[in-house]
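Work through these exercises with the model open beside you. Try each task before you read its solution.

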Amino acid sequence: MTASDLVYEVEQFLFREARILDAAQYDDWLKLLDKDIRYWVPVRETSDTAETDVRDITEMALFDDDLDFLKARVQRLHSGLAHAETPISRTRRMLSNIEIEKSSKTLVTVFCNFLIYQTRLERTEAMYVGRREDILKRAGKSWRIKNRKIFLDQTLLPRTVSILL
Amino acid sequence: MFQDRQESYVSEDGLVSRQIFFDPDIYRKELEQVYAKVWLFMGHESQIPNPGDYFTNYMGEDPVIVWRDRKGKVRVFLNSCRHRGMRICRTDFGNAKQFTCPFHGWSYSSEGSLVGVPFLEDAYFNDLDREQWALYEIPKVQSYEGLIFANMDPECISLNEFLGDLRWYLDIFLSRALGEIQVLPGRQRYTCKTNWKIAGENFAGDTYHLPYSHGSLFRVDAPLLNPVSYMHSPNLYSITTEHGHGLCGVSAAGERFEADIELAKELGAEAIEYVEETQRRLEERLSAQQAKVYTLAFGNIFPNFSLNNFSALRPYGFYLWHPKGPDAIEAWQWSAVDSEAPQAIKEICRAQFQRQQAAAGIAGQDDTENFEQVTEATRGVIGQSLVFNYQMGLGHEKALNPPNHLPGTVGPYYSEQGQRNYYNYWANLMDFAPMPEAKPVRKKRKSGKTNGKKSNHVVAAATSTENSKRARRGTRV
């Protein structure tokens with residue numbers, strides 16, 4: 001496989017994943033996750049020291065989920081009592097600046113920027129902007145998401161986060 | 001106007017005008033008569049352990065710096081240069097010997113002194129009274145067992161008096177830790193388009209929303225979450241104390257401790273030992289009765305500081321609902337753990353905070369959905385002419401036979417006593433007609449009066465008959 005083949009394949013995987021989330025096909029999305037996934041979204045704060053910009057992983061985060069809890073979030077969305085997502089939001093995920101670093105035969109690290117637009121009901125709106133670091137693991141002809149770090153640029157969130165970022 | 005301005009907005013029997021959540025004049029008055037008069041929570045001392053450490057916060061709409069000075073004293077300053085008002089600290093936290101205003105370069109020390117003025121001679125002819133132009137210092141700052149509060153009013157009552165009977169419960173919350181209460185860095189902040197009182201009252205008294213608003217918690221396989229905490233039990237109580245404070249789900253006979261032991265059994269010997277040790281710690285430090293209460297569940301310290309802690313295996317959650325106009329708030333939330341808890345329990349606490357009540361938690365988001373859509377659905381002309389109903393439990397006080405050792409006013413688990421107490425104190429601060437102890441609705445009905453007549457004090461001092469009629473119409477008691 002050439003480098004450009006790999007880039008194409010990984011990009012297509014991420015675009016497909018974004019489409020699945022935008023379509024609220026959460027059960028299909030869970031199938032894209034590695035059993036050992038860590039899904040981590042740290043809190044951003046404005047500090048005068050660069051090293052505290054992205055905080056240590058043991059501190060308070062917005063999301064710090066394993067596969068079990070991501071499944072629980074999906075279960076909730078199907079529960080009929082997820083009021084904040086009933087009816088579900090319309091979302092649009094835009095990914096760009098995708099860069100790929102091959103770590104081993106089966107692992108790649110992927111950097112990208114994202115913009116997520118969310119709207120629901122009449123005038124509820126939010127935008128989430130940031131960068132992402134994913135580790136993807138080869139699974140046959142496709143990939144599984146083994147690790148996802150989402151660094152939002154916002155310190156003040158536009159609302160509570162009722163969608164998967 | 002469809003409806004004239006009223007003189008009173010809170011009735012004796014638990015009805016509240018919806019105008020108090022929208023009226024810009026009321027909002028302005030609140031900033032002056034509520035936020036500038038009562039003790040406001042700033043943060044925990046563990047957030048600023050060293051001289052020079054600071055974090056920023058708000059008192060009403062005034063931005064402040066909470067700063068430990070060179071000698072270790074915690075001071076609170078308006079975060080604004082005395083010259084032309086520029087924000088002098090533009091970071092959320094850190095350590096600083098001084099702040100220099102980015103506009104013209106005035107510098108202030110951690111004691112608030114104006115220590116540097118550029119071109120003092122050339123620009124001011126050495127004729128500037130630097131003492132007069134020191135940083136504006138919030139006159140009253142006090143800690144209660146590590147919780148830092150500040151008050152803009154130099155004539156205010158003491159923090160101890162303000163907290164009153166609530167201290168009996170706060171002591172439990174604050175004394176159960178084997179080590180220090182350690183705030184986990186990372187304050188979560190989000191915007192919500194609602195009035196600040198809608199959020200505050202939710203913690204002050206709204207147990208009733210738990211089973212349905214947070215019904216999804218019961219439908220997911222996530223043992224770390226704690227829906228059991230939301231279950232009704234005849235031995236759980238709502239507690240209100242003076243100055244508008246309210247607690248929900250308070251256990252008097254050890255239920256929360258027993259629930260912890262059950263959970264700890266699933267987590268292993270270390271967890272069981274820890275839970276038992278926290279109980280012993282409470283017995284040593286406080287009374288046997290307080291040890292039975294074990295935790296405070298959740299509540300609100302008036303006006304906008306909510307907190308929760310369901311047990312020793314649950315995080316300490318701190319929530320501030322900062323007013324940002326009549327129909328907007330910024331929610332600031334952070335969490336703490338017992339520094340001596342086993343690492344595994346700290347992790348459980350951290351995960352539970354994130355996953356349940358925090359910004360992306362599966363309970364918190366349903367609350368903000370309620371808050372925002374209540375706001376959307378009540379801002380119109382008819383919506384504003386109606387009242388909110390906080391009458392739950394009125395007239396049934398005798399049905400409850402509460403233990404008499406619990407301080408404050410003890411009500412049943414499902415009750416809106418907390419909200420009535422909250423709005424009663426609010427109305428007092430606002431100089432609106434004070435609301436005496438709420439009158440039982442049932443008794444009135446039995447006395448032969450109609451619902452309509454009863455509602456004469458729906459909006460206690462409605463200025464016109466027309467208003468009373470409209471208010472009545474909206475009151476489906």
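**Exercise 1: A sheet in chain B**

Four strands of chain B make an open sheet, ordered β5-β4-β3-β6, with antiparallel pairing. The model is a predicted one.

Task: Find which strands are the edge strands of this sheet.

Solution:
- Step 1. Read the strand order: β5-β4-β3-β6 in chain B.
- Step 2. Look for strands that pair on one side only; these are β5 (74–78) and β6 of chain B.
- Step 3. Add the twist. On average, neighbouring strands of the sheet are turned by 30° against each other, direction ignored.

**Exercise 2: One strand pair**

Task: State how many bridges link β3(B) and β6(B), and in which sense the two strands pair.

Solution:
- Step 1. Locate strand β3 of chain B at residues 53–59.
- Step 2. Count its bridges to β6(B): there are three, and the sense is antiparallel.
- Step 3. Check one position. B:G94 in β6(B) has B:Y54 opposite.

**Exercise 3: Two helices**

Task: Decide whether α5(B) is oblique or roughly parallel to α13(B).

Solution:
- Step 1. Know what to look for. Packed helices are described by the angle and the distance between their axes.
- Step 2. Take the values. The axes of α5 (residues 196–205) and α13 (residues 417–429) of chain B come within 7 Å and cross at roughly 135°.
- Step 3. Apply the cut-offs. Angles under 35 degrees count as roughly parallel and those over 145 as roughly antiparallel, while 65 to 115 is roughly perpendicular and the rest is oblique. Therefore α5(B) is oblique to α13(B).
- Step 4. Give the hand: the crossing of α5(B) and α13(B) is right-handed.
- Step 5. List the contact residues. Helix α5(B) brings B:G200, B:E201, B:A204 and B:G205. Helix α13(B) brings B:Q417, B:G418, B:Q419 and B:Y422.
- Step 6. Sort them by class: two are nonpolar, five polar and one charged.

**Exercise 4: Where the chains meet**

Task: Name the element that gives the most to the side of chain B that touches chain A.

Solution:
- Step 1. Start with the totals. In chain B, 35 residues are in contact with 31 residues of chain A.
- Step 2. List the elements of chain B that each supply at least two residues to this side: β6 (93–95), β12 (181–192), β18 (329–338), α10 (343–355) and α11 (364–377).
- Step 3. Pick the top contributor. It is β12(B), with nine residues.
- Step 4. Split this side of chain B by class: twelve nonpolar, 13 polar and ten charged residues.
- Step 5. Look across to chain A. Its strand β7 (residues 156–157) is joined to β12(B) by two bridges, and the two run parallel.
- Step 6. Find a facing pair: B:Y190 in β12(B) has A:L157 opposite.

Methods: Residues numbered from 1 in each chain as written. Chains lettered and ligands numbered in written order. Predicted model: local features only at pLDDT ≥ 70, side-chain atom pairs only at ≥ 80, totals over all residues. Contact = placed C-beta atoms within 7 Å. Nonpolar A, V, L, I, M, F, W, Y, C, P; charged D, E, K, R; others polar. Pairing = 2+ DSSP bridges. Axes fitted to C-alpha atoms, helices over the stretch in contact; angles between N-to-C directions. Left-handed = near helix turned anticlockwise from the far one by under 90°.
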